[in-house]
Amino acid sequence: AFGFTGFGFDALPTCITKTKSILETLEGKPGSHIRDMLGFQVADVLSPEYNHAVFTQLQKASVVWSNDFTWGEEKQGQLERMCFENMRPGAVLILYRKPVQRELKWDIGGVVKVPTSWDPECNVVILKKPEL
């Protein structure tokens, strides 16, 4: 697409299946290129059985966009810590909520409004892992 790759995890198999079916509709060499640049896996990112796959993707990621706003604070905190411990310096975590792990030393990149299906002016928080 624009020279970057993407990878997504979702605990719901139907979400992954639908995404892959949409990608299959992309035609020709451009469609093939986009499919080669993207990956998806059904996984509960907090489940230990998926640690290797999740940690590998976090270590490569420049941007992690988390859709965990409906999770409880304990699980949200686990996700924040996992990202902070595994993302490379300078990488960005985007949340639909304020961070719950206050002791993690993220740089606050800002709060911006993003239209979503549930809120046309949803605030998202941008956290940057500090440079070394």
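**Exercise 1. Compare the span of helix 4 with the span expected for its 14 residues.**

Step 1. Helix 4 covers residues 73–86; helices (H or I, at least four residues) and strands (E, at least two) are DSSP runs, numbered from the N terminus. Residues are numbered from 1 along each chain as its sequence is written, and side-chain values use heavy atoms, with hydrogens and water left out.

Step 2. The expected span of a helix is 1.5 Å times one less than its number of residues. For the 14 residues of helix 4 this gives 20 Å, and the end C-alpha atoms are 20 Å apart, so the two values agree.

Step 3. The model is predicted: local features need pLDDT of at least 70, side-chain atom pairs count only at pLDDT 80 or more, and totals for chains, interfaces and linings use all residues.

**Exercise 2. State which residues of helix 4 are buried and what they pack against.**

Step 1. Buried means under 20% relative accessible area, exposed over 50%, and partly exposed in between (1.4 Å probe, protein chains only). In helix 4, the buried residues are Gln76, Gly77, Leu79, Glu80, Met82, Cys83, Phe84 and Asn86.

Step 2. Contact means heavy atoms within 4.5 Å. The buried residues of helix 4 pack against helix 3 (51–60), strand 3 (63–65) and strand 4 (92–95).

**Exercise 3. Describe the chain as a whole: its elements, radius of gyration and contacts.**

Step 1. There are 4 helices and 6 strands, running β-α-α-β-α-β-α-β-β-β from the N terminus on.

Step 2. The radius of gyration is taken over C-alpha atoms, and the globule rule is 2.2 Å times the number of residues to the power 0.38. With 132 residues, the rule for a compact globule gives a value near 14 Å; the chain has 16 Å, which agrees. The C-alpha trace spans about 50 × 35 × 30 Å along its principal axes.

Step 3. Of the 132 residues, 33% count as buried. Among contacts with a separation of 6 or more, 61% are between residues 24 or more positions apart.

**Exercise 4. Is threonine 116 buried or exposed, and what does threonine 116 contact?**

Step 1. Threonine 116 sits in the loop between strand 5 (107–114) and strand 6 (122–128).

Step 2. Its relative accessibility is 18%, so threonine 116 counts as buried.

Step 3. Leaving aside neighbours within four places in sequence, threonine 116 is in contact with Tyr96 and Cys122.

**Exercise 5. Place isoleucine 126 and list what isoleucine 126 touches.**

Step 1. Isoleucine 126 belongs to strand 6. At 23% relative accessibility, isoleucine 126 counts as partly exposed.

Step 2. Not counting residues up to four places away in sequence, isoleucine 126 touches Val92, Leu93, Ile94, Asp107, Ile108, Gly109, Gly110 and Val112.

Step 3. Leucine 93 is 33 residues from isoleucine 126 in sequence, and their C-alpha atoms are 6.0 Å apart.

**Exercise 6. Set sequence separation beside distance in space for isoleucine 22 and for threonine 5.**

Step 1. Isoleucine 22 lies in helix 1 (residues 13–24) and counts as partly exposed at 47% relative accessibility. Isoleucine 22 and proline 130 are 108 residues apart in sequence and 36 Å apart in space, C-alpha to C-alpha.

Step 2. Threonine 5 lies in the segment before strand 1 (6–10) and is exposed, with a relative accessible area of 62%. Between threonine 5 and alanine 61, 56 residues apart along the chain, the C-alpha separation is 8.8 Å.
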